[in-house]
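Reader: I would like to go through the salt bridges of this model and the exposure of the residues that form them. Could we take them one at a time?

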Amino acid sequence: MAAPKVAVVGAGVIGLSTALCIMETCPNCSVTILSEQFSPNTTSDVAAGMLIPHTYPDTPIHVQKQWFKETFTYLFAISNSAEASEAGIHLVSGWQVFKNTPKEELPFWSDVVLGFRPMSKAELQKFPQHQSGQAFTTLKCDCPPYLSWLEKRLKAAGVQMYTRKVADLWELHGKYDIIVNCAGIGAHQLVGDKKLLPVRGQVLKVHAPWVKNFIRDGDGLTYIYPGIHRITLGGTREKENWTLSPDPGTTKDIFDRCCSLEPSLWGAQDIQVKVGLRPSRQCVRLQREVLSQGGVKLLVVHNYGHGAGGFSVHRGTAKEAAGLVGECIAALQGSSSKAKL
């Protein structure tokens, strides 16, 4: 059969990395990315891009760990290369602090990040309101540069990219053999997934180059994540809130909370406010589906619903989705061989 035509819907970190993995595993494919928005206007552009996993209640822990490990290994190699600054990837050390002792002593990802250990008493003196903490080194993606770097690699591999809103996957039938749904929160409408809900996140991007260590409150609501040029201060988790306009009261609350963790931030300058809608589900939807309409079939691979943890697992889930696309191609080739017979 002719080279299979694959359309990836969505151009956030999940869509771009899935397209790249498809090109790496199925190089004879023709891959096209269709998205209403590209960087710098995606949800991924708002994300802090810290590799600290969020747990998906309905996904087995060993699967989540594998996704995280694959992502960490992939980004660690980039951070050790000449492309690190262009890709916006760097190592950052810091602390996760707790007001109450956490239920689990060791998170499932503790042996994937570097140098994970309990904080010393001397370190905890910096955080008088907290009882305990964990120190480790992880990776951070500065999101707009990373998305640009992915786009550059995709273009070099011959991937086409078009700005287009896809309202129904059936629009693409006939032009493409396989559709990969990486629409993020857009999947709520695109495939009518009522299990997918927005969790609104408001963050501040500030200039405070003296802050070098990340600090994350154990509840995950307050965090300080230093990037190459700016620091991300967060945040909020507002379930089923679709509002994309910043809230001034929330901005003040985030800034006050972060300053209580790191008082030197009172001197931060050039404060920009960003809002994104995390595509939240009890588990990432990563599966093949054959849609059928009047005897006509449409092969679909879903890869969406990563919530707040997309950057931490993006490469692992992209590899798995690319494997599912490979299975679809094998099925297509099998059916075309039978047709010839």
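Reader: Is E70 buried, partly exposed or exposed, and what is its relative accessible area?

Author: This is a predicted model, and the value for E70 is computed from it. Buried means under 20% relative accessible area and exposed means over 50%. Because E70 falls between these cut-offs, E70 counts as partly exposed, with a relative accessible area of 21%.

Reader: Which residue does E70 meet in a salt bridge, and how many residues apart are the two?

Author: The side chain of E70 pairs with that of K319, with an N to O distance of 3.9 Å, and the cut-off for a salt bridge is within 4 Å. E70 belongs to helix α3 (residues 61-79), whereas K319 belongs to helix α9 (residues 310-340), so that the pair links distant parts of the chain. K319 is itself partly exposed, at 42% relative accessibility. The partner of E70 is therefore K319, and the two are 249 residues apart.

Reader: In which helix do R257 and D253 lie?

Author: R257 and D253 form a salt bridge whose closest N and O atoms are 3.0 Å apart, and D253 is partly exposed at 37% relative accessibility. The two residues are 4 residues apart, about one turn of the helix, and both lie in helix α8 (residues 248-261).

Reader: Which residue of the salt bridge between E289 and R285 counts as buried?

Author: The closest N and O atoms of E289 and R285 are 3.3 Å apart. E289 has 27% relative accessibility and counts as partly exposed. At 13% relative accessibility, the residue that counts as buried is R285.

Key: Residues numbered from 1 in each chain as written. Predicted model: local features only at pLDDT ≥ 70, side-chain atom pairs only at ≥ 80, totals over all residues. Heavy atoms only, no water. Buried < 20%, exposed > 50% of the residue type's maximum accessible area, 1.4 Å probe, protein only.
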